[in-house]
Amino acid sequence: MEARESSVRRFLRGGSEGNARLTGMTGLVLLVLLAVEGVTILDIRPLLSVHVFVGLLLIPPVALKLAVTGYRFVRYYARAAEYVRKGPPLLLMRMLVAPGLIAATLVFGTGVALLAVGPGGGIVLALHRASFFVWLVAFGVHVLAYALRVPGLVAADFGRGPRASGAALRFGVVALALLVGLTVALAELPAAGPWLHWSGGHG
């Protein structure tokens with residue numbers, strides 16, 4: 001009975017290994033979406049609708065990534081044995097978490113605010129651009145630090161056996177984040193209409 005309860009808890013929470021796999025899976029999704037978002041920045045005006053759509057789509061997966069990595073930090077510093085055995089997060093990553101979190105909040109917060117205030121944007125547009133570059137640097141370093149681990153973490157959940165327990169839940173959580181993001185993007189994209197017809201200097 002105790003073993004079954006432990007198995008259920010591991011399915012629901014995944015432990016430190018499940019946390020790492022969910023982090024890797026979410027990171028891979030973000031990498032793909034951010035690559036698309038990065039392409040739109042190269043020529044923002046004709047791709048503005050794509051930029052806005054992908055930006056809105058990104059919000060739930062980014063929130064999931066911050067929640068999962070934040071949970072790992074909390075569990076480690078709360079001295080949870082399983083997380084302590086895995087060791088501390090890389091020092092550079094610990095230094096990037098706070099500014100990265102603040103920048104991510106500003107990037108998406110100011111992006112939504114730009115849809116609300118309409119063309120021009122003023123200080124909101126300036127904050128959006130500045131916070132994006134801060135977040136881009138933090139995320140870029142994060143990718144370089146962990147990129148080699150991601151394929152193994154993602155591939156592990158396609159395997160069989162007890163170490164793959166919780167894989168269905170992790171896939172479901174990521175899929176739900178994408179579904180929520182898609183719903184938000186479809187619902188809010190019309191708000192970008194004024195920007196699409198603006199003749200000012202955006203981009």
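Q: What makes α3 a bent helix at I59?
A: In this predicted model, the bend is the angle between axes fitted to the seven residues ending at a residue and the seven starting there. At I59 of α3 that angle is about 35°. A proline, P60, follows within four residues.

Q: How do you know that the length of helix α3 agrees with its number of residues?
A: Helix α3 covers residues 48-77, which is 30 residues. At 1.5 Å a residue these should span 44 Å, and the end C-alpha atoms are 42 Å apart, so the two values agree.

Q: What is notable about the phi of R79, which follows α3?
A: R79 lies in the loop between α3 and α4 (81-86). Its phi is positive, about 65°, although R79 is not a glycine. Most residues other than glycine have a negative phi.

Q: Why is the crossing of α2 and α8 described by an angle and a hand?
A: Helix α2 (residues 15-42) packs with α8 at about 35°, and their axes are 10 Å apart. The crossing of α2 past α8 is right-handed.

Q: Which residues make the contact between α2 and α8?
A: From α2 come G18, R21, L22, M25, T26, V29 and L33; from α8 come R170, F171, V174 and L178. Sorted by class, seven are nonpolar, two polar and two charged. Gly counts as polar, so G18 belongs to that class.

Q: How do you know which parts of the protein chain carry the lowest and highest confidence?
A: The mean pLDDT of each element tells: helix α1 (residues 2-13) has the lowest, 47, and helix α8 (residues 167-188) the highest, 92. Residues 1-5 have pLDDT below 50, with zero contacts beyond near neighbours in sequence. Where pLDDT is low, the predicted coordinates should not be read in detail. The protein chain averages 79, and 82% of its residues score at least 70.

How values were computed:
Residues are numbered from 1 along each chain as its sequence is written. This is a predicted model: local features need pLDDT of at least 70, side-chain atom pairs count only at pLDDT 80 or more; totals for chains, interfaces and linings use all residues. Side-chain values use heavy atoms; hydrogens and water are left out. Helices (H or I, at least four residues) and strands (E, at least two) are DSSP runs, numbered from the N terminus. The expected span of a helix is 1.5 Å times one less than its number of residues. pLDDT is the predictor's confidence in each residue, from 0 to 100. Contact means heavy atoms within 4.5 Å. Axes are lines fitted to C-alpha atoms, for helices over the stretch in contact, and angles run from 0 to 180 degrees between N-to-C directions. A crossing is left-handed if the near helix is turned anticlockwise from the far one by less than a right angle, and right-handed if clockwise.
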